[in-house]
Amino acid sequence: MRHIIYSALLCFLFLMAGCAGFNRYPTGGSHVVEHLAAPVKVVRDEKGMAYIYADSLDDAMRALGYVTAQDRLFQMTLTRLFAQGRISELAGEIASGLDIRHRTLGFHRQAAVLAENLAPEDRRLLENYIAGINAYIQTGADSYPIEFTLAGIAPEPWTTADSLSILYYMSWDSSANLKSEIIAQMLIERLGEDRAGEIFPLNINPDDERPPAEADLPASTAAVRISADAMLIGFLHGGTKEIGSNNWVTGPAKSEGGKPIISNDPHLETGILPGIWYPAGIITPDLRIVGVHIAGLPVMPIFRNQHVAVGITNAYGDVQDLYIETLDPANPDHYLEGGNSIPFTIIRETMKIRDKNKKSGFREEPLAIRYTRRGPVVSNVLKGLDTDKVMSLRWAPYEPMKNRLGVADFMRAQSTDDIRRCLASFDVIMLNFVFGDINGNIGWHVSGRLPIRSDGAGTIPTAVTDGADNWVGVVPFDEMPHAYNPDKGWLGTCNHNSVTRDFPYYYSTFFSPSYRYRRLKQLMDRTGVKTAEDHWNFQRDTVNLMAERLAPFMVDTLAGADETKELAEILRQWNHRDDIDAAGATIFHAVYERFAWHTFVDELGEDMAKTMLGTWYFWQERFQQMVLTDRLDHWFDDITTTDKMETKQDILIRAAREAKADLTVALGSNPSKWQWGNVHRHTFVSPVRRDGLGKGLLGGGDWPAPGSVEALYRGIYDYNAPYGVKISASLRMTADLSDTDKVLAVLPGGIAGRVFHPHAKDQIPAFMEGEKVYWWFSDQEIQNNAEAVLTLTPPKK
């Protein structure tokens, strides 16, 4: 019956989609908005992007909140529910485990504390933005997104804490070092320290000429058996994501216009329309800026104004530690620090879970969250996962922090020095910021709060034996990784290890392999100046330097076996570009991933092999070293065969046979037609219909996707469920500071988060095919491309 009802509703929606104004909002005329001090003009361009003309930044922020709510209110609502641990109000029991985790981590609780202590200017600007959101909620009921009706929820007023909770939520998703440390400890417990250390991550900084350091061993302790601990396995698979990004800046000598060019493509989950970033322009008497923010959080980390441009990537600093707590045997409501018995701090909350069997449509469940002095107890909080240990989590952004976000100062920055001063206060998230100014200066600086640990490095986990604090300080901002105006004339980051061997503090054990950054170096070191179009094309570069190194070995080996000769010849002719029409790319990735599997599964077992190989950053650079040298050849012997000592060539041929059989079933018997784009696909779906009937019509299509995990054109897929793209560029932006008219920028979706809206997915073809799309910067170009003008006016007195 439900299927019939939903089908009827979809048919109704499809009919309504043809009606003018369906699921849209007013973009012209005049509208009264509370709290405005003066009229504000909102110009919408051909993409639906809003350019806000206001007499003050306060009014501009109110208008920004208003237009963001017009376009993205449903998306904002979902993000807030995720951050607050309330998504089960929408999704029901299936989401309760996620809600327990997010409530335990306490994004919203911490946001409420920060909101109370926020610096006056930051508070005022956030409150103005939120006033705009609430103005739309209060007056725009006749144009609410139809998604609210489909989801069976209603908009709720926003608060400053709601916005700040999104900041903590995004910061958590960018923190990934625990994943690497947990895997390392699992390997130690299965293999022993010496054997495990052979396959630990190889973190290479291509700008450091000295040999790469071996990854530090985590401090192994008999107090924990992670490999047998269901709670930590659950945390590993359901925790933070392996996100990434590229950014770079060229100085005047390398830029055609004689001023810096800044490029950025942050890599996030991009399959859900309309995309995470909301672009807009703000023009006031003393400010002109175009950039993006996460809908609901008015901080623009990627932008250009009259003087500077800025881009970001994930810096992957280690800001998390797990601790093994000891319960007081005389009182289980207390924990021990040496001889001191300390009561757990208990926070009680009530979860509201959608339940069709309840008259109200919901049921309530109590939740008790225990805290130690280090942080929340995260063991036994994931539904269905048990452990006999008490483990707490410490996370640096929750430590005493500065009360300034510097939102206005960041937007108004006039130089790289101004950007640097702003970043000194922005300690809630670790990011690589690259930036340049119109005077020709360029810079890179890592933001965030990096703890200094008494034992030198983060360990997984740390047993609490007394009350001593193993976090003994924070790395001073001036000593965080950075560079300004280097002789080479450019700066860039690709989530790689950018820390030199003489950095005096422990930084992290988790980085992207160096392939993308090495390719960026090749492109930047080409002779001659670079144009904005060159930068734009670099973002779509598909060269796979890992394949360039490994493919010759594959060719030589596979050419020696009759059943794989054909694959070897295709690989021989391949140019190592992960293009959609490349059969070589398909063969390389299929063989490579099976090669890694058969190398490790016999020693690790299937579950642990899936866990390790599912974390690309952990093993790729190390595996390349294993293949191209003979130092670790014993890993290629299959220990399940007792009558033979296998070589790496044997294992590679086994992997190739298996890949050939699988690809023949999937793509046919002619390997020359196994095009990469036939398996490597980028699918865009609506948040209200991700599967089943209506998915295709409400979504943005299924596209052949260039790139890979290793190319600058990023197309990350799940190792254990290839090859659908999970993470890719969530924005491509190139800002040439010599061009005062426009900024190259495109989204993998559109401006409006509304099904059937003309600007919900209209940028997807340009995003996938490389067409140029612009944010307009000058008044003349904004006027030339204007499609509608809405005037927001203050109430009459």
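## Backbone exceptions and overall fold

Tyr316 is found in the loop that connects β9 (308-314) with β10 (320-328), in a model that is predicted. Although Tyr316 is not a glycine, its phi is positive, at about 55°. Is this residue buried or exposed? Tyr316 is buried, because its relative accessible area of 2% falls under the 20% limit for that class.

A second residue other than glycine with a positive phi is Asn485, for which the angle is near 45°. Asn485 sits in the loop between β21 (482-484) and β22 (490-493). With a relative accessible area of 40%, Asn485 is partly exposed, since partly exposed residues are those between the 20% limit for buried and the 50% limit for exposed. Such angles merit a note, because most residues other than glycine have a negative phi, and most peptide bonds are trans.

Which peptide bonds are cis? One of them runs from Leu273 to Pro274, with omega near 5°, and Pro274 belongs to the loop between β5 (261-269) and β6 (277-284). Another runs from Pro722 to Tyr723, also with omega near 5°; here proline is the residue before the bond and tyrosine the residue after it. Tyr723 is placed in the loop between β25 (715-717) and β26 (725-729).

Leu273, the residue before the cis bond to Pro274, also appears among the contacts of Gly700 when neighbours within four places in sequence are left aside. On that basis Gly700 is in contact with Leu273, Phe684, Val685, Lys761 and Ile764. Gly700 itself lies in the loop between α22 (695-698) and β24 (701-704), and it is buried at a relative accessible area of 13%. Gly753 is 53 residues from Gly700 in sequence, while their C-alpha atoms are 12 Å apart in space.

Two cysteines are also buried: Cys422, at 10% relative accessibility, and Cys494, at 0%. The count of disulfides comes to zero, which means that no pair of cysteine sulfur atoms lies within 2.5 Å. The table collects the accessibility values for the residues discussed.

| Residue | Relative accessible area | Class |
|---|---|---|
| Tyr316 | 2% | buried |
| Cys422 | 10% | buried |
| Asn485 | 40% | partly exposed |
| Cys494 | 0% | buried |
| Gly700 | 13% | buried |

Turning to the whole chain, there are 24 helices and 30 strands, and buried residues make up 63% of the 797 residues. How does the radius of gyration fit a compact globule, and what value does the chain have? A compact globule of 797 residues would have a radius of gyration near 28 Å, and the chain has 27 Å, so the value agrees with that expectation. Along its principal axes, the C-alpha trace spans about 90 × 70 × 65 Å.

Contacts between residues at least 6 apart in sequence include a 73% share that join residues at least 24 apart. The accessible surface of the chain amounts to about 29500 Å², and 51% of this area belongs to carbon and sulfur atoms. As for charge, the chain carries 80 positive and 101 negative side chains, with the centres of the two sets 4 Å apart.

Terms used:
Residues numbered from 1 in each chain as written. Heavy atoms only, no water. Helix = DSSP H or I, 4+ residues; strand = E, 2+ residues; numbered from the N terminus. Buried < 20%, exposed > 50% of the residue type's maximum accessible area, 1.4 Å probe, protein only. Rg over C-alpha atoms; globule rule 2.2 N^0.38 Å. Contact = heavy atoms within 4.5 Å. Areas by Shrake-Rupley, 256 points an atom, 1.4 Å probe, with all protein chains shown as cover. Lys, Arg positive; Asp, Glu negative; His and termini not counted. Charge placed at Lys NZ, Arg CZ, Asp CG, Glu CD.
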